[in-house]
Amino acid sequence: MGARVRAARLSAGLSQEELAERSGLHRNYIGGIERGERNVGVLALVHLGRALNVSPATFLAD
């Protein structure tokens with residue numbers, strides 16, 4: 001899932017800090033997600049999806 005978040009972020013041309021600001025999540029949390037070090041809750045997926053203009057299901061798809 002972290003790789004999908006990173007790919008969506010880079011596709012949107014955002015830094016981790018910019019994504020953190022848009023999503024309301026902490027930059028360290030974004031980095032942890034992308035590295036696969038964090039368990040991501042449903043609400044965080046919703047915030048990330050909104051910030052990146054994608055469906056939260058995008059991060060879970062096979």
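How are α2 and α3 oriented to each other? The model is predicted, so that local features need pLDDT of at least 70 and side-chain atom pairs count only at pLDDT 80 or more, while totals for chains, interfaces and linings use all residues. Residues are numbered from 1 along each chain as its sequence is written, and side-chain values use heavy atoms, with hydrogens and water left out.

**View 1. The packing of helices α2 and α3.** Helix α2 (residues 16-23) and helix α3 (residues 27-34), which are DSSP runs of H or I with at least four residues, numbered from the N terminus, pack at an angle of about 115 degrees with their axes 8 Å apart. The two helices are therefore roughly perpendicular to each other, a term for angles of 65 to 115 degrees. The contact (heavy atoms within 4.5 Å) is made by Q16, E17, L19, A20 and S23 of α2 together with R27, I30, G31 and E34 of α3.

**View 2. The surroundings of S23 in helix α2.** S23 is buried, with a relative accessible area of 6%, where buried means under 20% and exposed over 50%, with partly exposed in between (1.4 Å probe, protein chains only). Not counting residues up to four places away in sequence, S23 touches I30, H47, L48 and A51.

**View 3. The two sides of helix α4 (residues 42-52).** The buried residues of α4 are A44, L45, L48, G49, A51 and L52. Seen down the helix axis, these residues fall within an arc of 165 degrees, so they line one face of α4; the arc is that of the directions from the axis to the C-beta atoms. What covers them includes α1 (2-11), α2 and α3, whereas V42, L43 and R50 are exposed on the other side.

Note on methods
Axes fitted to C-alpha atoms, helices over the stretch in contact; angles between N-to-C directions. Parallel < 35°, antiparallel > 145°, perpendicular 65-115°, else oblique.
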